[in-house]
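Let's take a walk through this one together, a stop at a time. Have the viewer open and follow along.

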Amino acid sequence: MPWLNVNGKLLGHMVGTEYAPLDFVISTQIKAFLPHWALGSYPLLSGAAHGRPWMIARGRTDSGEWRGEAATVMAAVMVVMGALESGVSALGEYLGIDTTAALADMESTRMDFLYASVPFALPTAP
């Protein structure tokens, strides 16, 4: 059954006592489940999970040098690379294509990036 506002605008659909709004905002729903002390972590992790350019930009100065948030950039890149690997694996399985070699190359690239990035996140003490 349609769920309308007083002006007749469709807001969502009702099924019994449950409703599904059209303006569903996933971040609002997720934040409702988080403890109060973790609310600030959601935008950061969401940005990493979606590979947002601002995640990488936060780790660079105007001249392009890495700055204090290398761990944030590493997290963003690692999440995106892991998601790509999962996508290639799932698509290959769905299409019946052997993706073993491509996945091995992707894993190697991801791990090389990780090992090369550790010094940025954990600089050696003087």
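**From a helix to a sheet**

Start in helix α4, which covers residues 70–95 and is where you'll find L91. Keep in mind that this is a predicted model. Is L91 buried or exposed? Its relative accessibility comes out at 51%, and since exposed means over 50%, L91 counts as exposed. L91 also has company out there: together with Y94, L95 and I97, L91 makes a nonpolar surface patch of about 490 Å².

Now move along to T99, which sits in the loop between α4 and α5, the latter being residues 100–121. Here the relative accessible area is 15%, and because buried means under 20%, T99 falls into the buried class. So what does T99 touch, once you set aside its neighbours within four places in sequence? The contacts are with V88, S89 and G92.

Next, swing over to the strands. There are 3 of them in an open sheet, ordered β1-β2-β3, with antiparallel pairing. The edges belong to β1 (2–4) and β3 (18–21); each has a single partner strand, so one side of each is left without a neighbour in the sheet. From one strand to the next, the twist averages 35 degrees.

For a closer look at the pairing, pick strand β2, residues 10–15: 4 bridges join β2 to β3, and the two run antiparallel. If you want one pair to click on, try G12, whose bridge partner in β3 is P21. As background, strands of a sheet pair through backbone hydrogen bonds, in either a parallel or an antiparallel way.

Definitions and conventions. Residues are numbered from 1 along each chain as its sequence is written. This is a predicted model: local features need pLDDT of at least 70, side-chain atom pairs count only at pLDDT 80 or more; totals for chains, interfaces and linings use all residues. Side-chain values use heavy atoms; hydrogens and water are left out. Patches are made of residues with over 30% relative accessible area and no salt bridge: like charges are joined within 9 Å, nonpolar side chains (Val, Leu, Ile, Met, Phe, Trp, Tyr) within 5 Å. Accessible areas come from the Shrake-Rupley method with a 1.4 Å probe; for residues, only the protein chains shown count as cover. A salt bridge is a side-chain nitrogen of Lys or Arg within 4 Å of a carboxyl oxygen of Asp or Glu. Buried means under 20% relative accessible area, exposed over 50%, partly exposed in between (1.4 Å probe, protein chains only). Contact means heavy atoms within 4.5 Å. Two strands pair if DSSP finds at least two bridges between them. Axes are lines fitted to C-alpha atoms, for helices over the stretch in contact, and angles run from 0 to 180 degrees between N-to-C directions.
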